[in-house]
Amino acid sequence: MAQPITSTEVQRRVLRLLNYEDGLWDMTLGVMFLLLGIYPVTRRLLGPALNLLLFLALLAILVAGQLYARRVVSAPRIGMAKPRRTPAKTALLAITVVLVLATFGLVLATLLSPQSIPEPRWTHLPEWVGDLDVDILASLAIIGLFSLMAYLSGVLRLYLYGWLIGLGNLASTALTLYAGYAFNLPLVIAAGIILLIGLSLLIRFLKKYPIPTAEV
Amino acid sequence: MRPPEPKDEADRPLADVDRVVHEPARLTILMYLSSVESADFVFLMRVAGLTWGNLSSHLSKLEEVGYVEIEKTFLRKKPHTVIQLSKRGRRALRDYRQTMQRTLDQLGH
């Protein structure tokens, strides 16, 4: 029996088909966190300024590549739709952008120069909490943001991504601080999993949606 | 022998339902168009799960009654059809929803 469908569910289906079905977004996210994972290694090799420049340049190429791939790979297969703008949707979009930027900034601040951030001391808490306070906050923000996105879009794998990246980020800092790891191995593993999920989604997408051969 | 025609409007609660909207494929098309500003032919084909011919025929019907506006252009030298729900179409969908809701509510009592 077919599921009852509401107007919210219709909007979610449109959003899912246009943004999450082809796996390109997942792959972009995976590569972005992979770059963040190997950031400490390249920083040692290139120095902080040059490394940051390289990271931002790669990020820009990544985003441009995703937009281009969407135009040449996805659009001919699933078509295009212009989203309907309502005041509520515009407000939601603005909040999401602010949250994404804030989280991304927090992740960057945590991963790139943890020593430069003034560390408040929490005397009534265990020592490791004081060591990882910024990372705990960043991880909670990441998990919260991805959970919110999953809830609003109905894309359940975003819950998994939130936990993978959040815990990967926390574990990376803990390993660096306590075990002297040279790079963010847990974050690289988390990013690799996301990248593989994106790749499998893309393969499924290409099989499921061949380019239609006729036009009216 | 044919069954007797209902005399009262109350005996035919779905008499004023819009039959153009009532058809499942057209209702699906209108539902998806109502959630976007505009969509192209391929997108509608994918979300509605219809074939080229089927979608084309339903869109012609919807355009005929003024529920959708169809614009045919070229995108990168290829034909590109963009469809938009008209004000009349949006109103028809709203009225249809109200009629069905009212009828189903009455049925529940």
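Leaving aside its neighbours within four places in sequence, which residues is F43(B) in contact with? The list is I78(A), G79(A), M80(A) and A81(A). This model is predicted. The report below starts at the contact of the two chains and works outwards.

## Where the chains meet

Chain A puts 18 residues into the contact, and chain B puts in 18 residues. On the side of chain A that touches chain B, two elements each supply at least two residues: α1 (7-19) and β1 (81-83). The most comes from α1(A), which gives six residues. By type, that side of chain A has eleven nonpolar residues, three polar and four charged.

Strands take part too. β1(A) is joined to β1(B), residues 36-40, by three bridges. These two strands run antiparallel. Two facing pairs can be found in the structure. A81(A) stands opposite A39(B). P83(A) stands opposite V36(B). A81(A) also appears in the list of contacts of F43(B).

## A sheet built from both chains

Four strands form an open sheet, and its order is β1(A)-β1(B)-β3(B)-β2(B). The pairing is antiparallel. Which strands stand at the edges? They are β1 of chain A and β2 of chain B. Each has a single partner strand, so one side of each is left without a neighbour in the sheet. On average, neighbouring strands are turned by 20° against each other, direction ignored.

Now follow the strands within chain B. β1(B) pairs with β3(B), residues 78-85, over two bridges in the antiparallel sense. Here A39(B) has I83(B) as its bridge partner. A39(B) also stands opposite A81(A). β3(B) is joined to β2(B), residues 68-75, by eight bridges, again running antiparallel. E69(B) has Q84(B) as its bridge partner, and F74(B) stands opposite P79(B).

β2(B) and β3(B) form a hairpin, with two residues between them. In the turn, R76(B) has a positive phi of about 50°. A helix covers part of this region: α4(B) packs on the sheet and touches β2 and β3 of chain B. The direction of α4(B) makes about 125° with that of β2(B).

## Chain B as a whole

How many helices and strands are there in chain B? There are five helices and three strands. Read from the N terminus, the order is α-α-β-α-α-β-β-α. Chain B has 109 residues, and 28% of them count as buried. Take the contacts in chain B with a separation of 6 or more: 52% of them come from residues 24 or more positions apart.

## Two nonpolar cores

In soluble globular proteins, nonpolar side chains tend to be buried together. The largest nonpolar core here has 27 residues. Y32(B), L33(B), A39(B), F43(B) and L44(B) touch the most other members. Five elements of chain B each supply at least two residues of this core: α2 (24-34), β1, α3 (41-48), α4 (52-64) and β3. The largest share is from α3(B), with seven residues.

A second, separate core has 25 residues. It includes M32(A), Y39(A), I143(A) and A190(A).

## Two helices of chain A

Helix α7(A) covers residues 133-153. Why is a span of 30 Å expected for α7(A)? The helix has 21 residues, and each adds 1.5 Å, with the step counted one less than the number of residues. The end C-alpha atoms are 30 Å apart, which agrees. The buried residues of α7(A) are D135(A), A138(A), S139(A), A141(A), I142(A), I143(A), L145(A) and F146(A). Of these, I143(A) is also listed in the second core. Just after the helix, G154(A) takes a positive phi of about 80°.

Helix α9(A) covers residues 185-208. At 1.5 Å a residue, its 24 residues should span 34 Å. The end C-alpha atoms of α9(A) are 34 Å apart, which agrees. Which residues of α9(A) are buried? They are P186(A), L187(A), A190(A), A191(A), I194(A), L195(A) and G198(A). What covers them includes α2 (24-37) and α8 (157-179) of chain A. A190(A) belongs to the second core as well.

Terms used. Residues are numbered from 1 along each chain as its sequence is written. Chains are lettered from A and ligands numbered from 1 in the order in which they are written. This is a predicted model: local features need pLDDT of at least 70, side-chain atom pairs count only at pLDDT 80 or more; totals for chains, interfaces and linings use all residues. Two residues are in contact if their C-beta atoms, placed from the backbone, lie within 7 Å. Ala, Val, Leu, Ile, Met, Phe, Trp, Tyr, Cys and Pro count as nonpolar, Asp, Glu, Lys and Arg as charged, and the others, Gly among them, as polar. Two strands pair if DSSP finds at least two bridges between them. A residue is buried if 20 or more other C-beta atoms lie within 10 Å of its own, exposed if 12 or fewer, and partly exposed in between; C-beta atoms are placed from the backbone. A nonpolar core is a set of buried Ala, Val, Leu, Ile, Met, Phe, Trp, Tyr and Cys residues joined through C-beta atoms within 7 Å. Axes are lines fitted to C-alpha atoms, for helices over the stretch in contact, and angles run from 0 to 180 degrees between N-to-C directions.
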